[in-house]
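Here's a quick briefing to read with the model open beside you. It goes topic by topic, so dip in wherever you like.

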Number of protein chains: 2
Amino acid sequence: MEKSLVFKIEKKLPNSLGRAGTIETPHGVINTPAFIVVGTKAAVRGLTSDMVCDTGAEAVLANTYHLYMQPGEEGVRSMGGLHQMMKWNGPTMTDSGGFQVFSLGAGYGSNVSKILKEAKDVPLLKHELDEDKKPSLVEIDYDGAAFKDPYSGIIHYITPERSIEIQHTIGADIIFAFDECTSPTESRSYQREALDRTHRWGQRSLEYHHSKENSDRQALFGIVQGGRYEDLRKESARATAEMMTENGGFDGFGIGGSFDKDDLHTAVKWVNEILPEDKPRHLLGIGEPEDMFEGVENGCDTFDCVAPTRLGRHGTIYTDTGKIHITNEEFEKDTKPLNPGCKCYTCRHFTRAYIRHLHKSREMTGPMLSSIHNVYFIVNLVKRMREAILNDTFFDFKKDFFSRYKK
Amino acid sequence: MEKSLVFKIEKKLPNSLGRAGTIETPHGVINTPAFIVVGTKAAVRGLTSDMVCDTGAEAVLANTYHLYMQPGEEGVRSMGGLHQMMKWNGPTMTDSGGFQVFSLGAGYGSNVSKILKEAKDVPLLKHELDEDKKPSLVEIDYDGAAFKDPYSGIIHYITPERSIEIQHTIGADIIFAFDECTSPTESRSYQREALDRTHRWGQRSLEYHHSKENSDRQALFGIVQGGRYEDLRKESARATAEMMTENGGFDGFGIGGSFDKDDLHTAVKWVNEILPEDKPRHLLGIGEPEDMFEGVENGCDTFDCVAPTRLGRHGTIYTDTGKIHITNEEFEKDTKPLNPGCKCYTCRHFTRAYIRHLHKSREMTGPMLSSIHNVYFIVNLVKRMREAILNDTFFDFKKDFFSRYKK
């Protein structure tokens with residue numbers, strides 16, 4: 001079997017788990033640590049693929065669940081897969097849909113989530129599942145998760161095998177095992193059960209992936225869960241690292257779940273001390289500067305987050321001194337760029353006053369230009385972390401950054 | 001006084017009023033006939049100024065009323081004017097706000113428009129006008145129009161002098177006299193009265209403009225109205241052509257008003273047979289292919305319209321065979337570009353299936369990419385008309401275009 005991914009460590013951060021390296025994929029190299037830009041539905045909100053490229057971003061992450069719902073597997077196939085449809089020629093990732101099990105409000109059986117409870121009052125439409133499974137918006141069983149399309153009412157059932165099959169069709173360079181991302185409000189006993197499912201689904205994802213030819217050109221990352229519990233996180237890291245078929249284990253790892261800001265670095269450290277050093281580690285859904293510094297220092301190589309574009313659409317802008325809300329009156333006649341000194345397209349051309357005017361006027365160019373800046377800021381912040389590791393100045397850089405940047 | 005605008009005719013269309021030429025402005029040349037892209041609030045919806053430039057567009061038209069409301073005169077001034085704020089270095093125009101008198105539902109006195117009638121039930125807020133004027137959303141009197149800001153409730157009163165003063169602050173290369181754009185549903189007697197106001201306001205706009213230094217670097221166009229009435233249109237053309245100060249008349253003319261599709265060419269012809277040949281003529285708010293062919297053939301030099309971006313945002317796409325609705329199911333697996341053969345950014349990179357997917361997914365990249373295409377299509381259609389006039393092939397080109405394009 002060919003190698004679908006090659007990870008090389010260039011330099012380690014002294015007395016920590018951090019490192020700088022490269023991930024070689026069939027669509028090019030990701031220089032790590034790196035921020036991966038989120039393009040949920042094969043589109044980064046407010047940026048064309050060329051604009052994403054211009055920010056310096058090296059890779060894009062799309063969402064399996066969303067692409068499965070629209071345009072659907074056949075739609076993606078007819079457009080030639082993710083790279084071809086969105087004309088992004090660099091490396092790509094797809095998450096597995098596991099996060100949507102959480103974000104759409106999943107619960108095991110029929111007694112957990114608020115959304116599920118509410119949905120129970122809605123008459124169920126015809127579906128292909130056994131009646132006794134009674135899925136509403138999302139419901140989880142031993143083999144997978146059932147989603148109800150809120151528009152059509154049609155119910156879809158995703159198993160680990162189906163998630164991988166869909167990700168094979170989408171064709172990203174790096175795909176993820178199907179997991180259950182739990183809410184931090186769940187009880188420990190629920191987290192325990194959910195972790196067993198995540199592990200069972202991880203092994204099944206790996207087996208299915210290795211049974212198909214796509215494994216020659218797509219790398220599969222296993223996902224570590226376990227919430228905030230040290231024993232569960234460590235158990236999950238060990239179990240996921242040990243998952244195997246005759247063709248070997250995972251090509252890399254994703255660290256999933258919701259974290260408290262304050263214990264993120266602890267949880268990441270528990271996990272990365274156990275995961276094999278020679279495989280890349282992706283911290284799922286994390287993108288705030290303070291979290292990425294912790295993530296890098298504790299051995300994560302890549303990150304993704306919707307924050308840069310989501311915040312940008314609503315006029316919240318990253319600057320060297322912290323986030324600003326551009327619609328505030330103080331920026332009404334401010335002719336400085338969004339972040340003075342920034343080299344992004346927006347900052348090279350436009351003033352805070354103009355970007356504020358666009359947001360106040362509800363002109364879509366406002367969200368576009370703000371998102372360009374935020375993506376640039378976050379992508380290049382992580383690039384600077386990488387440079388600092390290579391130059392032995394990481395801790396100085398971190399100190400310097402936070403001497404100005406206020407959370 | 002320096003010349004703020006130089007118009008040259010390069011070639012005339014035989015046996016018609018049409019011509020190809022150039023309009024030289026302080027920010028460069030508009031090669032006519034030309035489509036001017038609308039950027040109402042100093043932003044073209046869905047396109048950065050660079051993207052507008054990439055379509056081949058030579059000029060942008062913004063809206064005095066909208067910029068006056070947000071960011072306001074002082075806001076525009078602090079950002080250095082229209083060119084500087086939106087970083088558009090080419091020629092610009094601002095309309096005078098007269099169209100908003102119509103589109104916000106104006107009526108003379110207090111008995112005409114539906115909006116005004118509805119607004120009368122809303123308690124009036126404090127304002128600087130005489131109580132007996134009682135403006136609601138818009139109300140017109142001898143000297144100008146009063147607008148009520150629907151958000152703040154504050155009432156603004158725009159006279160011809162104020163409109164020109166605001167347009168001086170905005171700083172477009174070509175500005176328009178303040179007029180009253182009437183609804184086609186108004187009676188002839190109302191049109192008659194409104195035309196008198198438009199003429200009075202035109203002369204006052206000209207006098208105010210010529211009394212200021214800005215007239216050295218901004219050209220002022222008078223506006224011809226008169227609805228569908230031949231006598232009123234001709235009277236308006238004559239009156240506007242003859243308006244003078246000691247510094248001369250208007251630098252060019254706008255033809256305003258609502259037209260029926262079928263009598264647009266007739267009304268334009270009435271007017272352009274009277275207007276002086278050696279000054280440019282702008283057909284306000286018109287941008288459909290069939291209308292622009294008629295406009296060009298009957299002596300109009302420039303056009304503006306929100307249609308390319310408005311339609312693009314909603315997934316309606318110009319093609320060589322007519323407009324298509326990209327969300328239709330027939331395009332689900334269509335891997336052709338939006339308009340096969342088109343050289344725009346969107347068509348060079350993306351498929352119909354992908355653009356459809358973006359619209360179906362409500363991804364803002366869909367409106368962006370569709371607007372880029374539509375602007376390119378319309379701008380380049382008028383460029384092709386210009387080339388055809390220069391090559392003596394205009395009527396062949398028109399015939400060929402409509403042999404494929406279905407309205």
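What follows covers the chain symmetry, a helix pair in chain A and a residue in chain B. Keep in mind that this is a predicted model. In brief, chain B lands on chain A after a 180° rotation, and helix 10 and helix 11 of chain A run roughly parallel to each other.

**How the two chains relate**
- Turn chain B by 180°, with 0.0 Å of shift along the axis, and it superposes on chain A at an RMSD of 0.0 Å.
- That's the relation of a two-fold axis.
- The same surface serves both copies, with 97% of the contact residues of chain B recurring in chain A.

**Helix 10 against helix 11 in chain A**
- Helix 10 (residues 264-272) and helix 11 (residues 289-297) of chain A have axes that come within 9 Å and cross at roughly 25°.
- Angles under 35 degrees count as roughly parallel, so that label fits helix 10 and helix 11 of chain A.
- The crossing of helix 10 of chain A past helix 11 of chain A is right-handed.
- On the helix 10 side, the contact is made by Leu264(A), His265(A) and Val268(A); helix 11 of chain A brings Asp291(A), Glu294(A) and Gly295(A).
- Sorted by class, this contact between helix 10 and helix 11 of chain A is an even mix: two nonpolar, two polar and two charged residues.

**Glu242(B)**
- You'll find Glu242(B) in helix 9 of chain B, which spans residues 230-242.
- With 14 other C-beta atoms within 10 Å, Glu242(B) counts as partly exposed.
- Pro276(B) is 34 residues away from Glu242(B) along the chain, and their C-alpha atoms are separated by 9.6 Å.

Conventions:
Residues numbered from 1 in each chain as written. Chains lettered and ligands numbered in written order. Predicted model: local features only at pLDDT ≥ 70, side-chain atom pairs only at ≥ 80, totals over all residues. Least-squares fit on C-alpha atoms with pLDDT ≥ 70 in both. Contact = placed C-beta atoms within 7 Å. Helix = DSSP H or I, 4+ residues; strand = E, 2+ residues; numbered from the N terminus. Buried ≥ 20, exposed ≤ 12 C-beta atoms within 10 Å, placed from the backbone. Axes fitted to C-alpha atoms, helices over the stretch in contact; angles between N-to-C directions. Parallel < 35°, antiparallel > 145°, perpendicular 65-115°, else oblique. Left-handed = near helix turned anticlockwise from the far one by under 90°. Nonpolar A, V, L, I, M, F, W, Y, C, P; charged D, E, K, R; others polar.
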